Amino acid sequence: MLCTRLPSSSLPSTHTLRLLRNTFSSRSYCVSSSQNPGHQSHVRRRTSLEFNGQFRTLSSTAKNNCNPRIFSPQSVSNSLILNPVQICSRSLSQSDRPEFTKKKSPVPFMLISMVSLGGIVVAAYMFSEYQKARIEATKKEQREKAKPKVSKGKALIGGPFTLVNTEGETVTEKDFLGQWLLIYFGFTFCPDICPEELEKIGDVIDLVESSPNAPKIQPIFISVDPKRDTPELIKSYLADFHPKFIGLTGTKEQVKRATKSYRVYYSEGPDQAPGAMEYIVDHSIVTFLVNPQGEFCKNFGQRTSVEDAATQIAEKINEFYLEQ
């Protein structure tokens, strides 16, 4: 719709009205005055315009029922002076108007709602699973931190020593390189514990070597009582146990260095009278496994059974050769 508002200060002349006639020759127009609020606007379809001292409009009513009216130049001028006149043009044909039809959605509303609800359910489920996985990962990390750390380094056990064998020959740790060793520290005057441990060592060696392709193991007995344990006495003492046993002893200082290398505790007990030969030596009850490179591998206490000790020795032997 084309609307033109004329200022109230300008007085339309005959020439102005003629220009308006030419402008709206093919359009309809509507003249409304604000002085008469109750007056309804009329929409007229223009058929002809004539100006013979009077401005006559012949029209037919489009929407509202109204009669043709005659507007003189003076009446139009007065209305323009008093209030602005709004002239609105409309198209002659009602068919020229664009028709807007409401199109129906190709997707039903219920289907859209169900799809949206399904998406919300899936998103909630995925978020719940994510939270569960996150909590589980946190718990697993905490359990890993709570586990005791296992040191993979080599224990500072074992080392060089210089001792004397049952033949009176001086030997060192280098003389045993290339062999698997089971070393036990004790003394020949021990009433019960040492004999039991020596018996157990013999049984462990027999059990390990009974497996096919098992390497030979050399048992060694080191005395912590050099004052009484002579090479001859040790040889006689070991004859009652496994025939592969080798006995070692030495001076007090030599024995002390050997026990220090293997972290073995020993003590002669209470002070004895000079020349007394009846006493008990307190010492650690431990058997040490040494690999062919002279490195400590495993130790076994008094409570370790023959079967457990043999199984652990076999595992260490396999690990050693797999790493080579």
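Visitor: What makes Leu 182 a residue with so many contacts inside the largest nonpolar core?

Guide: Look at what Leu 182 touches in this predicted model. Leaving out residues up to four places away in sequence, the list includes Ile 201, Val 204 and Ile 205. Ile 217, Gln 218, Pro 219 and Ile 220 are also among them. So are Thr 287, Phe 288, Leu 289, Phe 300 and Ile 313. A contact here is a pair of heavy atoms within 4.5 Å. Leu 182, Leu 198 and Ile 313 have the most contacts inside the core of 47 residues.

Visitor: Which elements give two or more residues to this core?

Guide: The strands are strand 8, strand 9, strand 13 and strand 14. The helices are helix 4, helix 5, helix 6 and helix 7.

Visitor: How do you know that strand 9 is enclosed?

Guide: Buried means under 20% relative accessible area. Seven of the seven residues of strand 9 count as buried, so the rest of the structure largely encloses this strand. Both faces are covered. Ile 217, Pro 219, Phe 221 and Ser 223 are buried on one side. Gln 218, Ile 220 and Ile 222 are buried on the other.

Visitor: How do you know that strand 9 pairs with strand 8 and with strand 10?

Guide: Pairing takes at least two bridges. Strand 8 and strand 9 have seven, in the parallel sense. Strand 9 and strand 10 have three, and they also run parallel. Ile 222 shows both links. Phe 185 stands opposite Ile 222, and Leu 248 in strand 10 is a bridge partner of Ile 222.

Visitor: What makes strand 7 and strand 14 edge strands?

Guide: The sheet is open, with seven strands in the order 7-6-10-9-8-13-14 and mixed pairing. Strand 7 (170-172) and strand 14 (296-300) each have a single partner strand, so one side of each has no neighbour in the sheet. From one strand to the next, the twist averages 35°.

Visitor: Which helices lie across strand 8 and strand 9?

Guide: Helix 6 (residues 252-261) lies across strand 6, strand 8 and strand 9, at about 115° to strand 6. Helix 7 (residues 306-323) lies across strand 8, strand 9, strand 13 and strand 14. Helix 7 runs at about 175° to strand 14. Angles go from 0 to 180 degrees between N-to-C directions, so the N-to-C directions of helix 7 and strand 14 are nearly opposite.

Visitor: What puts the buried residues of helix 5 on the same side?

Guide: They are Pro 231, Ile 234, Tyr 237 and Leu 238. Their arc around the axis is only 125°, which places them on the same side of helix 5. They pack against strand 6, helix 4, strand 9 and strand 10. Glu 232 and Ser 236 are exposed on the other side.

Visitor: How do you know that the buried residues of helix 6 share a side?

Guide: Gln 254, Val 255, Ala 258, Thr 259 and Ser 261 are buried. They cover an arc of only 160° around the axis, and that puts them on the same side of helix 6. Their packing partners are strand 6, strand 8, strand 9 and strand 11. The face turned away carries exposed Lys 252 and Lys 260.

Visitor: Why is Thr 304 called buried?

Guide: The cut-off is under 20%. Thr 304 has a relative accessible area of 19%, so this residue counts as buried. Thr 304 sits in the loop between strand 14 and helix 7. Beyond its neighbours within four places in sequence, Thr 304 contacts Lys 200 and Ala 309.

Visitor: Why are Asn 213 and Arg 263 called exposed?

Guide: Exposed means over 50%. Asn 213 is at 82%, so Asn 213 counts as exposed. Arg 263 is at 53%, so Arg 263 counts as exposed too. Asn 213 lies in the loop between helix 4 and strand 9. Arg 263 lies in the loop between helix 6 and strand 11.

Visitor: What makes the phi values of these two residues worth a look?

Guide: Most residues other than glycine have a negative phi. Asn 213 has a positive phi of about 65°. Arg 263, which follows helix 6, has a positive phi near 55°.

How values were computed
Residues numbered from 1 in each chain as written. Predicted model: local features only at pLDDT ≥ 70, side-chain atom pairs only at ≥ 80, totals over all residues. Heavy atoms only, no water. Helix = DSSP H or I, 4+ residues; strand = E, 2+ residues; numbered from the N terminus. Buried < 20%, exposed > 50% of the residue type's maximum accessible area, 1.4 Å probe, protein only. Arc of directions from axis to C-beta. Core = buried A, V, L, I, M, F, W, Y, C linked by side-chain atoms within 4.5 Å.
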